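I opened my notebook to look up how aromatic rings and charged side chains are arranged. I write down each term with its cut-offs as I come to it.

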Amino acid sequence: MENYRQKSDNINRQIVKLALPNIVSNFSIPLLGAVDTALMGRLETVHFVGAVGIGGVIFSFIYWGFGFLRMATTGLAAQAYGDKNLTECGLLLQRSLSIAVIGSLLLLCLQWTLADLSFALIKTSSEVDQLARTYFHIRIYAAPATLCLHAFHGVFLGLQNATYPMFLTIVVNVINIVLNLVFVIGLGMKVEGVALATVIAQYVGLILAIVLFLFRYKHILTTWEIRKILSFSKLKRFLAISNDIFIRTLCLVFSFTYFTAKSAELSDTYLAINTILLQYINLLSYAIDGFAFAAESMVGRYKGAQDMYNFKHTIRQIFLWAFLFGGAIMLIFVLFGEQLLYLFTDKYNLIIQTKPYLIWIIAAPVVNVAAYIWDGIYLGATESKVLRNSMIVSMLIFLGAVYLLIPYGNHGLWCAYTLLLITRGVLLTALAPKHLFPENSMPV
């Protein structure tokens, strides 16, 4: 019994050590979005809020599509770390960075086609469309830095180092916020100021990531041989996992984009309302993702080490921590949800129209936890096909729900969104025994 408690305490310490830096850094991400929204929400019309909201969704679609550069890298690097193969961790970074550079150059070359396609799919007013295009064509030049940062974050987390990603994220977002204030308030710029601030901050972050990696992990770059970096078997596995994650993420971001597009179809006012409410969802998801990232690192590590006891125990404890944290966030939303609206806009009529939809935000912390945490667990275990297939099913259910519930207006739209998260959590829970805990798969 005493031995069990010691092991349990050790797992909890590891969870806290990995989760807390991720939570701190993740909180700074929605803070950035909140500052963007607040600055635009104080300009003369709601069109500026909508433009940044639409632009942000488009870049979420693009960059989350490349999220495999972090997700696949974290799981594989964590397993290599558990197997005490640090050389493979270095090779994984090189593979991931190679794909990041190629992908970002393609984005820059295809930016006009991407913009036309994006704005064809998202119907909005001509005023919002024009402002959002301006935002897009400036911010797209952050692509090389953003994608390369995905690769660095993945390797750092795989190496069980959540401190460097925290430091990088905080520095990037603080610089971004300061530049937002300088450009928008100081220089009188509008959406172009918000976009330019993001571009500069991302490149500062990339330079800092390179410096940090060379300072602590230069020794794991034992080879620069193209043959080893592009090893067919290793690259094939990386690309197979990345492809599954890409499809999963594409479906997820498409669902979020569709939600925003339907908000815009309702009216510019509903677009502004839902842009503000999504800041609450971002706050929640980034907070709980601190534990999901810890799950990726620890589950991958114990899978690589073939340690089934700690593999299972980590999953149990991660869920316990996440639901407790989610409950605390729910309490904050209950007590201060209305007051937080004043941080995002000073338009009283918009605040009054937003209040009826806070009920969906209050329910979200408990409803969404399972989907977020299982994502981290499956990513750490590199069971990417399960994530892909469950997300496809969830997206189809969401689209059907939107079709059936959109006649009920914005409440119908939020109900469909909530069903999306419930479905993801239920499916991943149901599939866990078969894909994560097959009998005799790993020695205890």
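**Charges over rings**

I looked first at charges over rings, and I found the charged end of Arg70 over the ring of Phe293, at 4.3 Å from the ring centre; a charge sits over a ring if NZ of Lys or CZ of Arg is within 6 Å of the ring centre and within 35 degrees of the ring normal. I also noted Arg216, which lies over the face of Tyr164 at 5.9 Å from the ring centre.

I remind myself that this is a predicted model, in which local features need pLDDT of at least 70 and side-chain atom pairs count only at pLDDT 80 or more, while totals for chains, interfaces and linings use all residues. Residues are numbered from 1 along each chain as its sequence is written, and side-chain values use heavy atoms, with hydrogens and water left out.

**Aromatic pairs**

How many aromatic pairs does a search of the whole structure find? I got 23, where rings of Phe, Tyr and Trp (its six-membered ring) pair if their centres lie within 6.5 Å, and planes under 30 degrees apart count as stacked, over 60 as edge-to-face and the rest as tilted.

I then looked up Phe256 and Tyr417, a tilted pair with 5.8 Å from centre to centre and 35° between the planes. The rings of Phe259 and Trp414 are edge-to-face, because their planes stand at 75°, with the centres 4.9 Å apart.

Phe259 is buried at a relative accessible area of 1% (buried means under 20% relative accessible area, exposed over 50%, partly exposed in between, with a 1.4 Å probe and protein chains only). Trp414 is buried with a relative accessible area of 1%, and Tyr417 counts as buried at 5%.

Last, I recorded one aromatic cluster, formed by Phe152, Phe156, Tyr164, Phe213 and Tyr217.
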